[in-house]
Amino acid sequence: QGRPFQLTPDPRFYYSSRTHKKAMAYLTYGLNQGEGFIIVTGDIGTGKTTLVRHLFDTLDRNEFVAAMIVSTQLSAEDLLRSVVAAFGLDAQAEDKGQLLARLEKYLREQYAMGRRALLVVDEAQNLSNAALEEMRMLSNFQEGDKALIQSFLVGQPEFRERIFAAPELEQLRQRVIATHHLEPMEQEELALYIEHRLKLVGWDNDPCFTAEAVEKIFAHCQGVPRRLNTLCSRVLLYGALEEIHDIDGETIEAVIADMSNDQRPVHATSSARPMSTPVNRQNDATVPLEGRSESKKVKEMDDRLDKLEGMMKSQDETLQKLTSIMAQLAGGGSKGDGE
């Protein structure tokens, strides 16, 4: 009923692995503190954005007003404009002072209504030190002894290293109340991760992944969610083309080999014959065996794709017929009720 291993971050597919569960504990702790900065880092593809979006889904909208920006190489003032816009305010102003006044007014209004402001900055490693200092200044907005805004900074490992190494960020460091680094999943979690995603899209245990297949997947991906999703997507495509119901270690190795071929450089070749030369089928006998083998592989793949497209078309037609029948039944039922 959907794509279980899509690469686009989707909080619906959030899986609470050990490292993600610990990260959520730190984020929840930060929310309870109601002040300061929480820093979450992780290597590329470890699920940082999915984690943050899952957090957003768990927030009580009567208690929190949350905004998220994805950082690029922003100047301090451009960052401020992005923050203002993320909270739904007009980011056009003649100077920085107007932007700050507009944001402060909004934060105080939210506080008066009993709502706390949360700002999440994704890809925080792209922020300059000047932009980070601007964020620290925003944390100075207070109502009595209560902070009006709290910030979570999410980025790659080098961001954490820079925060704790740059002398000019000392004041920001003093306001960091917790940090967590997302690790890859452990091998024993992988089977549950695969099953979790499959079940969310209506999986009925077909196809199934053998224990050997799970081991091969982990060995190749080392527990990194994005790499896992990329490989498993190709595995399902391969399984559909080959009509495989039990995905084993041999299947995984075949897909990994196929993906490795995708990365090889392709050299342009021409199969066109001169227009003046007639096509002579007898000349095909002079084609090298290697060339005929590649041609055969291409034809087999085309045949498989045609078969898959035919299956999908057949399923669409079946669904349309079922929809039509259900509509007729519903219409008949309504008519009978009316009589």
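Which residue in β6 is the bridge partner of L118? In this predicted model, the partner of L118 is Q150. The account below begins with the strands around that bridge and then turns to the nonpolar cores, the aromatic pairs, two buried polar residues and the salt bridges.

**Strand β3 and its partners**

Strand β3 spans residues 116–122, and six of its seven residues are buried. It pairs in the parallel sense with strand β6, residues 149–155, over five bridges. Strand β2, residues 64–70, also pairs with β3 in the parallel sense, here over seven bridges. Within that second pairing, V70 of β2 has D122 of β3 as its bridge partner.

**Nonpolar cores**

In soluble globular proteins, nonpolar side chains tend to be buried together. The largest nonpolar core of this model comprises 37 residues, and F87, L103 and L153 have the most contacts inside it. At least two residues of this core come from each of β1 (37–42), β2, α3 (76–86), α4 (96–112), β3, α5 (129–138), β6 and α6 (157–163). A second core, separate from the largest one, has 23 residues, among them F218, I252, V255 and M259.

The surroundings of F87 can be described in detail. Not counting residues up to four places away in sequence, F87 touches V65, A66, A67, L103, Y106, A117, L118, L119 and I149. F87 has a relative accessible area of 8% and therefore counts as buried, since the cut-off for buried is under 20%.

**Aromatic pairs**

A pair of aromatic rings is described by the distance of the centres and the angle of the planes. The model has two aromatic pairs. In one of them, Y15 and Y193 meet edge-to-face, with 5.7 Å centre to centre and 80° between the planes. Y15 lies in the segment before α1 (18–33) and Y193 in helix α8 (residues 187–199), so this pair ties together parts that are 178 residues apart in sequence. Y15 is buried at 16% relative accessibility, and Y193 is buried at 5%.

F87 and Y106 form a tilted pair, with 5.7 Å centre to centre and 45° between the planes. F87 sits in the loop between α3 and α4, whereas Y106 belongs to helix α4, and the two are 19 residues apart. Y106 counts as buried because its relative accessibility is 12%.

**Two buried polar residues**

H180 is part of strand β7, residues 176–182, and is buried with a relative accessible area of 7%. Its side chain reaches the backbone oxygen of T19 at 3.1 Å. Leaving out residues up to four places away in sequence, H180 touches T19, K22, A23, Y26, I39, V40, T41 and R160.

T50 lies in helix α2, residues 48–58. At 15% relative accessibility, T50 counts as buried. Apart from its neighbours within four places in sequence, T50 is in contact with P9, D10, P11 and Y14.

**Salt bridges**

Side chains of opposite charge can pair when their charged atoms come close. The structure holds eleven salt bridges, including those in the table.

| Salt bridge | N to O distance |
|---|---|
| K96 and E134 | 2.8 Å |
| R108 and E104 | 2.8 Å |
| R173 and E170 | 2.7 Å |

The bridge between K96 and E134 links distant parts of the chain: K96 is in helix α4 and E134 in helix α5, 38 residues apart. K96 is partly exposed, with a relative accessible area of 33%, whereas E134 is buried at 6% relative accessibility.

R108 and E104 both belong to helix α4 and are four residues apart, about one turn of the helix. R108 is partly exposed, with a relative accessible area of 29%, and E104 is also partly exposed, at 25% relative accessibility.

R173 and E170 both lie in helix α7, residues 170–173, and are three residues apart, about one turn of the helix. R173 is buried, with a relative accessible area of 17%, while E170 is partly exposed, with a relative accessible area of 35%. Elsewhere, salt bridges that share partners join R18, E186 and E188 into one network.

Definitions and conventions. Residues are numbered from 1 along each chain as its sequence is written. This is a predicted model: local features need pLDDT of at least 70, side-chain atom pairs count only at pLDDT 80 or more; totals for chains, interfaces and linings use all residues. Side-chain values use heavy atoms; hydrogens and water are left out. Buried means under 20% relative accessible area, exposed over 50%, partly exposed in between (1.4 Å probe, protein chains only). Two strands pair if DSSP finds at least two bridges between them. A nonpolar core is a set of buried Ala, Val, Leu, Ile, Met, Phe, Trp, Tyr and Cys residues joined through side-chain atoms within 4.5 Å. Contact means heavy atoms within 4.5 Å. Rings of Phe, Tyr and Trp (its six-membered ring) pair if their centres lie within 6.5 Å; planes under 30 degrees apart count as stacked, over 60 as edge-to-face and the rest as tilted. A polar contact is a pair of N or O atoms within 3.5 Å; within protein, one must be able to donate a hydrogen and the other to accept it, and residues adjacent in sequence count only if both atoms are side-chain atoms. A salt bridge is a side-chain nitrogen of Lys or Arg within 4 Å of a carboxyl oxygen of Asp or Glu.
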